[in-house]
There are 2 protein chains.
Amino acid sequence: MEHNREFEIDGNSNPIQISRLALDIGGSLIKLVYFSRNSGDDEDPPKDKVGVSNGVNGRLHFAKFETAKINDCLEFISANKLFLGGECDSGFQHQENCTNDRRFIKATGGGAYKFSELFKEKLDISLEKEDEMDCLVIGANFLLKAANQEAFTYLNGQKEFVQIDHNDLYPYLLVNIGSGVSMIKVDGDGKYERVSGTSVGGGTFWGLGKLLTKCQSFDELLELSHQGNNRAIDTLVGDIYGGMDYSKVGLSSTTIASSFGKAISDNKELEDYKPEDISRSLLRMISNNIGQISYLNALRFGLKRIFFGGFFIRGHSYTMDTIAVAVHFWSKGEAKAMFLRHEGFLGALGAFMSYESPSLDNLVVNQMVPLPVNASLVTDTNFDTLKGDLNGTESIRCSIYRA
Amino acid sequence: MEHNREFEIDGNSNPIQISRLALDIGGSLIKLVYFSRNSGDDEDPPKDKVGVSNGVNGRLHFAKFETAKINDCLEFISANKLFLGGECDSGFQHQENCTNDRRFIKATGGGAYKFSELFKEKLDISLEKEDEMDCLVIGANFLLKAANQEAFTYLNGQKEFVQIDHNDLYPYLLVNIGSGVSMIKVDGDGKYERVSGTSVGGGTFWGLGKLLTKCQSFDELLELSHQGNNRAIDTLVGDIYGGMDYSKVGLSSTTIASSFGKAISDNKELEDYKPEDISRSLLRMISNNIGQISYLNALRFGLKRIFFGGFFIRGHSYTMDTIAVAVHFWSKGEAKAMFLRHEGFLGALGAFMSYESPSLDNLVVNQMVPLPVNASLVTDTNFDTLKGDLNGTESIRCSIYRA
């Protein structure tokens, strides 16, 4: 294949070496994963017996942009020359690639198709399209096998990291909550089936939330939900049963009988409700629904573990709590919801892995190192989309070996 | 039990004899079922060998009120004396009951508990509470066994009545869509289990719809959805994939990827969207979600038939179409969605059946007769809640036999 070539970062003294970017362009967000080599050689993996370096150490970085603001993303890529091929730039270290006259980036998600022309026109970059589900599965498998402290459970406000036994990983259900939700039964590397999904996902939370509260961002809406109380707007079992449980069928008085049901009978307009309460109800409705449908699909295939990824979650405790409680409730404790630290970047990581060299197995992640992402970027850019981002401010220390 | 007594309507010439009412008081609606005897004796069932009448012919009537307007309902009951027991009223025919000093009505739903005191205070009527799930199952079984042209399928705009073989009725999944949704696996008369449910139901459609469109009634909101186009606000697969299908996983470009997803990226306020489109998106999101969760539960228990009831549906073609398509899609044609003509009155019918005499089996429904419900009521009331109601304007011709 045309883009089959060695990937290498040489020993040049340039302190920051950014190389290899992959994109996941979804309906709401563009996720970026890229690698930067460490500044010194001291941390590089040991050389082999004949003194040849087996690889380089560096960091994987994670960033995101709103899809609606794709021009910011294009500018970011252009300013930092985050692509392979094309004319050689003295500040950028792709000497082996200099002869290639095609500039390209691996990309997945629907936007890799939709915005293909835009990348070509504006940056003269080709998007090498990778299948979305392939990438999600590759990304999830990579994180679950290679990264320490990646998967965790969340119950009663307690986050607990889970050590995954590589020999006992499969099968599992991967639930990726982006704008919409995909549910994928994963049986091994490259072995999977998209068994279900729902259109009630992150785009629904954000879209409905924007209409109902006039919040201008997903994070603002999520933040609002912290202070909200869904009882102000949801009809609880107790509201129907005069404060009582409906114990015969196991419904306590505090169970939500009808999401947004109180809006029916209250003589209130939209403006009379607190945006905080609306956000909370919405978040609970959607998280609970995803948890329930996920569990029902896990049950279908006898899967005990469900890993939730995608940018909807954003490490938000109430979201995770609701999903975990839903899975616990419906499965009567049989199935377990687990979350991924790099939840939002599964697809982008998968696309990153799809560069043909080094192979997946050669990317070794040593440990997580919280590190401001901006620190590793050329500093004359002024993008603030990375701020306040749970994932965007983290990087993974890792080594890339020659294939 | 205190209320165990013969129920009888005598041969008095009073042209309209309304007797026996049962209520289902839900989170949004109060459903009423009551019986009226035919004016003449000519249609009564034949007398037995010693000349004793075995029963009377008449009609079952269906009506509803908003729970928020419960006072209208109380007035209606009072004006028409729709209760058993208490002082005898010359215009009302309960002579055998005149000695009883307690007035009561069979009632189910959470409101039977919540409004118990209100009925006592305002009308001096006791609500004889019947379990909600019991009543739903009794009502559904009754309709499926006794009524002609009750169950039907709905696909591609075609309604097709299904003749149910009584010996092949069980097991089935009963999905009752009220404010919230209950999913009940029915194995026989009185044999059932509430296996699942969701808080995303009719209350969610109406509640969110009211907040988003300022519609003042459920029916208005439903009516609006006719003219709407959900593509104006939902993100379709094609919107993400630049107009293409994502055919590898079987998603066509017109599949909804994210309900309300377009509201994210559009630079629009709530006011900029057409209420018709919002209503349509909401209806499709909720109907589709219920269809999916129902199917997953049917699959769990190997149930091929799913009957949908509850007042959410209201014989609305788009709602039924969406639910039916969801069940068809997710089950790959294996499971079948069926609807009930008297969908909204399952619980009220069940409560009606729970009067101890005559027994369930003795209520024989001959046929459906569309008949304005008001025609059989004392005419000095002026309630308009019954207008424009698909179910409320129908009655069932039936006979009641002595137990």
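Mentor: Buried means under 20% relative accessible area, exposed over 50%, and partly exposed in between. The model here is predicted.

Trainee: Why is Phe329(A) called partly exposed?

Mentor: Its relative accessible area is 45%. Partly exposed is the class between under 20% and over 50%, so Phe329(A) is placed there.

Trainee: What makes Trp330(A) count as buried?

Mentor: Trp330(A) has 15% relative accessibility, and the cut-off for buried is under 20%. Trp330(A) therefore counts as buried.

Trainee: Why is the aromatic pair of Phe329(A) and Trp330(A) called edge-to-face?

Mentor: Rings pair if their centres lie within 6.5 Å, and planes over 60 degrees apart count as edge-to-face. Over all chains, the count comes to 36 aromatic pairs. For Phe329(A) and Trp330(A) the values are 4.9 Å centre to centre and 85 degrees between the planes, so the pair is edge-to-face.

Trainee: Which buried residues does helix α6 of chain A have?

Mentor: They are Phe218(A), Leu221(A), Leu222(A), Leu224(A) and Ser225(A).

Trainee: How do you know that the buried residues of α6(A) line one face of the helix?

Mentor: Seen down the axis of α6(A), they fall within an arc of 155 degrees, so they line one face. Their cover includes α5, α9 and α10 of chain A.

Trainee: What makes the two copies related as by a two-fold rotation axis?

Mentor: A turn of 180 degrees and a shift of 0.0 Å along the axis lay chain B on chain A with an RMSD of 0.0 Å. The two copies are therefore related as by a two-fold rotation axis. The same surface serves both copies, as 100% of the contact residues of chain B recur in chain A.

Conventions
Residues are numbered from 1 along each chain as its sequence is written. Chains are lettered from A and ligands numbered from 1 in the order in which they are written. This is a predicted model: local features need pLDDT of at least 70, side-chain atom pairs count only at pLDDT 80 or more; totals for chains, interfaces and linings use all residues. Side-chain values use heavy atoms; hydrogens and water are left out. Buried means under 20% relative accessible area, exposed over 50%, partly exposed in between (1.4 Å probe, protein chains only). Helices (H or I, at least four residues) and strands (E, at least two) are DSSP runs, numbered from the N terminus. The arc is that of the directions from the helix axis to the C-beta atoms. Contact means heavy atoms within 4.5 Å. Copies are superposed by least squares on the C-alpha atoms of residues with pLDDT of at least 70 in both. Rings of Phe, Tyr and Trp (its six-membered ring) pair if their centres lie within 6.5 Å; planes under 30 degrees apart count as stacked, over 60 as edge-to-face and the rest as tilted.
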